[in-house]
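I opened this entry to keep track of what I looked up in the model. The aromatic rings come first, then the strands, then the protein as a whole.

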Amino acid sequence: MTNYHRDYDILGLQKKQDNTKFAFNFGAGMELMFSPTIGMNLEYIFRVVENWNRSHIALGMVYKF
């Protein structure tokens, strides 16, 4: 469940909007190690929310202690 809360102030008129919607994410990722302690990762995430779908691509660095 995802809860959205928005407050609007348009020309002095205030409006509050609260919505709770069912949502889920799915995706895949991979990690590539350059050495035993340093690497990088790539991840794709697709978020599904009623009438609002989004894709995200994340790239990151990995350091293992």
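**Aromatic rings.** I started by counting ring pairs in this predicted model. With ring centres required to lie within 6.5 Å, the count comes to 3 aromatic pairs. I looked up F24 and F26 next, and they form a stacked pair, with 6.3 Å from centre to centre and 25° between the planes. The label follows because planes under 30 degrees apart count as stacked.

I then checked how far these two rings are covered. F24 has 39% relative accessibility and counts as partly exposed. F26 has 45% and is also put down as partly exposed. Both get that label because partly exposed runs between the buried limit of 20% and the exposed limit of 50%.

Y63 and F65 make another aromatic pair, this one edge-to-face, at 5.2 Å centre to centre and 90° between the planes. Are Y63 and F65 buried or exposed? I noted both Y63 and F65 as exposed.

I also asked which rings are linked into a cluster. Ring pairs join F24, F26 and F46.

**The sheet.** I moved on to the strands and found an open sheet of 3 strands, in the order β3-β4-β5, with antiparallel pairing. Its edge strands are β3 (23-33) and β5 (52-63), each of which pairs on one side only. On average, neighbouring strands of this sheet are turned by 15° against each other, direction ignored. As background for myself, strands of a sheet pair through backbone hydrogen bonds, either parallel or antiparallel.

**β3 with β4.** I took the two pairings of the sheet in turn. Strand β4 covers residues 38-49 and pairs with β3 in the antiparallel sense over 11 bridges. A hairpin of 4 residues joins β3 to β4.

I listed some of the partners across this pairing:
- F24 faces V48 in β4.
- N25 has R47 of β4 as its bridge partner.
- G27 has I45 of β4 as its bridge partner.

So that I read such lists properly, I noted that in a regular strand the side chains alternate between the two faces of the sheet.

**β4 with β5.** This pairing is antiparallel as well, and it runs over 12 bridges. How many residues lie between β4 and β5 in their hairpin? I found 2 residues there, and N51 in the turn has a positive phi of about 60°. Two partners I wrote down are V62 in β5, which stands opposite G39, and S55 in β5, which stands opposite F46. F46 also belongs to the ring cluster with F24 and F26.

**A58.** I picked one residue of β5 for a closer look, and A58 is found in that strand. Its relative accessible area is 34%, so I entered A58 as partly exposed. I then asked what A58 touches, not counting residues up to four places away in sequence. The answer is N41, L42 and E43. A58 and L42 are 16 residues apart in sequence, while their C-alpha atoms are 5.7 Å apart in space.

**The whole protein.** I closed with the overall figures. The protein has 0 helices and 5 strands, and along the sequence the pattern reads β-β-β-β-β. Of its 65 residues, 11% are buried. Taking contacts with a separation of 6 or more, I found that 20% are between residues 24 or more positions apart. The accessible surface comes to about 5,800 Å², and carbon and sulfur atoms hold 58% of that.

**Confidence.** I checked the predictor's confidence last. The mean pLDDT of the protein is 83, and 72% of the residues reach 70 or more. Which elements have the lowest and the highest mean pLDDT? Strand β1 (residues 2-10) has the lowest, at 63, and β4 has the highest, at 93.

Technical notes. Residues are numbered from 1 along each chain as its sequence is written. This is a predicted model: local features need pLDDT of at least 70, side-chain atom pairs count only at pLDDT 80 or more; totals for chains, interfaces and linings use all residues. Side-chain values use heavy atoms; hydrogens and water are left out. Rings of Phe, Tyr and Trp (its six-membered ring) pair if their centres lie within 6.5 Å; planes under 30 degrees apart count as stacked, over 60 as edge-to-face and the rest as tilted. Buried means under 20% relative accessible area, exposed over 50%, partly exposed in between (1.4 Å probe, protein chains only). Two strands pair if DSSP finds at least two bridges between them. Axes are lines fitted to C-alpha atoms, for helices over the stretch in contact, and angles run from 0 to 180 degrees between N-to-C directions. Contact means heavy atoms within 4.5 Å. Accessible areas come from the Shrake-Rupley method with a 1.4 Å probe; for residues, only the protein chains shown count as cover. pLDDT is the predictor's confidence in each residue, from 0 to 100.
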